[in-house]
Amino acid sequence: MTHHADRAARPPFTYVDGVLSVGGLPLDQVVAGTGTPAYVYDLDWVAAAWQRLAAAVAPIGGRGLYSVKANANLALLRRLAGMGAGFDVVSGGELLRVLRAGADPALVVFAGVGKTAAELAMAVEHGVLVHVESADELGRLQRIAAGAGRLARFAIRVNPDVEVDTHVHIQTGHDDAKFGVPVLLAQELLGRAAKGEYPACQALGVHIHVGSQLPDPDGMVSGARIGLEVLETGRAAGLALDWLDVGGGLPVDYGGGQAAGPEAFAAALGDVVAGHDVVVGIEPGRALVAAAGALVSAVLYRKHRAAGRMLVLDTGMHHLLRPALYQARHRFVPVHAAAAAGPTELVGPICESTDVLADGVDLPDLAPGDLVAILDAGAYAMTMASNYNSQPRPPEIVVEHGTARVSRRRETWEDQLAWEG
């Protein structure tokens, strides 16, 4: 295992002298200035995870792209951009974030089924690669690029009709999914491009993505084979295609174990793309940032019911939606180590019966004011937070090189009124 792989395999949050710590700093002190709830990210861990990915895909001619929708924190994006990372964005807002963070536009791809004219114009202006997801979108891209007097770069997103063993809400490559175009239509669009029907658009390749939390490389490999078939059809029509983006989906074990790493996915893909002279794009998000984040919360109240203990926390589904949306399970640990006292249900303040973060968690007998850390909260957490019940979103604190700083302040009640007249 390489140094970077070893660093990325070690948990970023560990107990030191009985206090949960990150980057050598006690977590209670990290959040002392902002209070709770607060997101905390270990950017050194993210950097090591990125270096591990880059080292894994280099032997197969691969290029890593960070999937921004997992965590769009600007400090995190700047750290990755400074390391030469590529980025996968799915909105104009995400594109603006990576550009503001210093990303090289040539290393940015723009996916998403519903890009607006303004978003496509922004992509054309900056020369990012557009992953086109419909015939209508390609036509609109042609008109926008021609009107701007520019050459748009695009790849076709193919729906490979591949089902993978993951949660139904994060399967994206099956026939009924909204993403991409069928194989035959992809081949037709590339053929039309080869005939000059889109003179302001330069075709570069093919994009596929079969889903998230892939248990093994098999689904990605199946999608890659189909993507290669479409790419070779485009080459046969006369296009100089060399981009095969196989999407993301590298998994995270939310129980704290080791999931399949980028080395396994790269090795499996290497066997497929050998001899095809393509650049392989791979777009992990969760695998690079989930473990690096924790949501630190305080106990507000204790409730005792016939079914057992319940703790009301100062955070909930408005800050961490995954348990309510995906039935996801996170690890909950006390910031100050203590003996477990039995199963506990953890709920938030939101006026919804679905605002249950976890049940059956073996925790100490915590009292109001005690701190709890929700682990593996670096991905699809703050990016999915909302102001439901007119609740403010929490601050984000980043830890790097042994220091902690607030990278995004806590919202206030007044902030939420600023946009209204």
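A salt bridge here is a side-chain nitrogen of Lys or Arg within 4 Å of a carboxyl oxygen of Asp or Glu. Keep that cut-off at hand for the exercises below, which work through a predicted model.

**Exercise 1. Decide whether Lys115 and Glu137 form a salt bridge, and place the two residues in the fold.**

Step 1. Look at the closest N and O atoms of Lys115 and Glu137: they are 2.7 Å apart. The cut-off is 4 Å, and the pair counts as a salt bridge.

Step 2. Find the two residues in the chain. Lys115 sits in the loop between β7 (108–110) and α6 (117–126), while Glu137 belongs to helix α7 (residues 135–148), so the bridge ties together parts that are 22 residues apart in sequence.

Step 3. Check the surroundings. Lys115 and Glu137 are both buried.

**Exercise 2. Trace the salt-bridge network that includes Arg79.**

Step 1. Begin with the total: the rule gives 16 salt bridges.

Step 2. Take one of them, between the side chains of Glu400 and Arg79, with an N to O distance of 2.8 Å. Glu400 is in strand β19 (residues 396–400) and Arg79 in helix α4 (residues 74–82); the pair links distant parts of the chain, 321 residues apart.

Step 3. Ask about exposure: both Glu400 and Arg79 are buried.

Step 4. Add the remaining member. Asp44 joins Arg79 and Glu400 in a network of salt bridges.

**Exercise 3. Classify Arg409 and Asp415 as buried, partly exposed or exposed.**

Step 1. Confirm the contact: Arg409 and Asp415 form a salt bridge, and their closest N and O atoms are 2.7 Å apart.

Step 2. Recall the limits: buried is under 20% relative accessible area, exposed is over 50%, and partly exposed is in between.

Step 3. Apply them. Arg409 has 51% relative accessibility, so this residue counts as exposed. Asp415 has a relative accessible area of 24%, so this residue is partly exposed.

**Exercise 4. Sort the aromatic pairs by geometry.**

Step 1. The structure holds two aromatic pairs.

Step 2. In the pair of Tyr39 and Tyr41, the ring centres are 6.2 Å apart and the planes meet at 25°, so this pair is stacked. Both tyrosines, Tyr39 and Tyr41, are buried.

Step 3. Tyr66 and Phe87 make an edge-to-face pair, with 6.4 Å centre to centre and 80° between the planes. Tyr66 is in strand β5 (residues 62–67) and Phe87 in strand β6 (residues 86–89), so their pairing ties together parts that are 21 residues apart in sequence.

Step 4. Finish with accessibility. Tyr66 is at 0% and therefore counts as buried; Phe87, at 1%, counts as buried too.

**Exercise 5. Examine the backbone at Pro37, Asp277 and Gln327.**

Step 1. Start with the peptide bond between Thr36 and Pro37: this bond is cis, with omega about -5°. Pro37 is in the loop between α2 (27–30) and β4 (38–42).

Step 2. Move on to Asp277, which has a positive phi of about 55° although it is not a glycine. Asp277 is found in the loop between α10 (262–273) and β12 (279–282), and its relative accessibility of 68% makes it exposed.

Step 3. Turn to Gln327, again not a glycine, with a positive phi of about 55°. Gln327 lies in the loop between α12 (322–326) and β15 (332–334), and a relative accessible area of 54% makes it exposed.

**Exercise 6. Judge how compact the protein is overall.**

Step 1. Count the secondary structure: 13 helices and 20 strands.

Step 2. Compare the radius of gyration, 23 Å, with the 22 Å that the globule rule gives for 421 residues; the values are close, so the protein is as compact as a globular protein of that length. Its C-alpha trace spans about 70 × 55 × 40 Å along the principal axes.

Step 3. Turn to burial and contacts. Buried residues make up 54% of the 421 residues. Of the contacts with a separation of 6 or more, 69% are between residues 24 or more positions apart.

Step 4. Add the surface: about 17300 Å² is accessible, and carbon and sulfur atoms account for 52% of that.

**Exercise 7. Find where the model calls for caution.**

Step 1. Take the whole protein: mean pLDDT is 93, and 94% of residues reach 70 or more.

Step 2. Locate the weak stretch. Over residues 164–174, pLDDT stays under 50, and the model has 36 contacts beyond four places in sequence for them.

Step 3. Draw the conclusion: where pLDDT is low, predicted coordinates should not be read in detail.

Notes:
Residues numbered from 1 in each chain as written. Heavy atoms only, no water. pLDDT = per-residue confidence, 0-100. Contact = heavy atoms within 4.5 Å. Helix = DSSP H or I, 4+ residues; strand = E, 2+ residues; numbered from the N terminus. Buried < 20%, exposed > 50% of the residue type's maximum accessible area, 1.4 Å probe, protein only. Rg over C-alpha atoms; globule rule 2.2 N^0.38 Å. Areas by Shrake-Rupley, 256 points an atom, 1.4 Å probe, with all protein chains shown as cover. Phe/Tyr/Trp six-rings, centres within 6.5 Å; stacked < 30°, edge-to-face > 60°.
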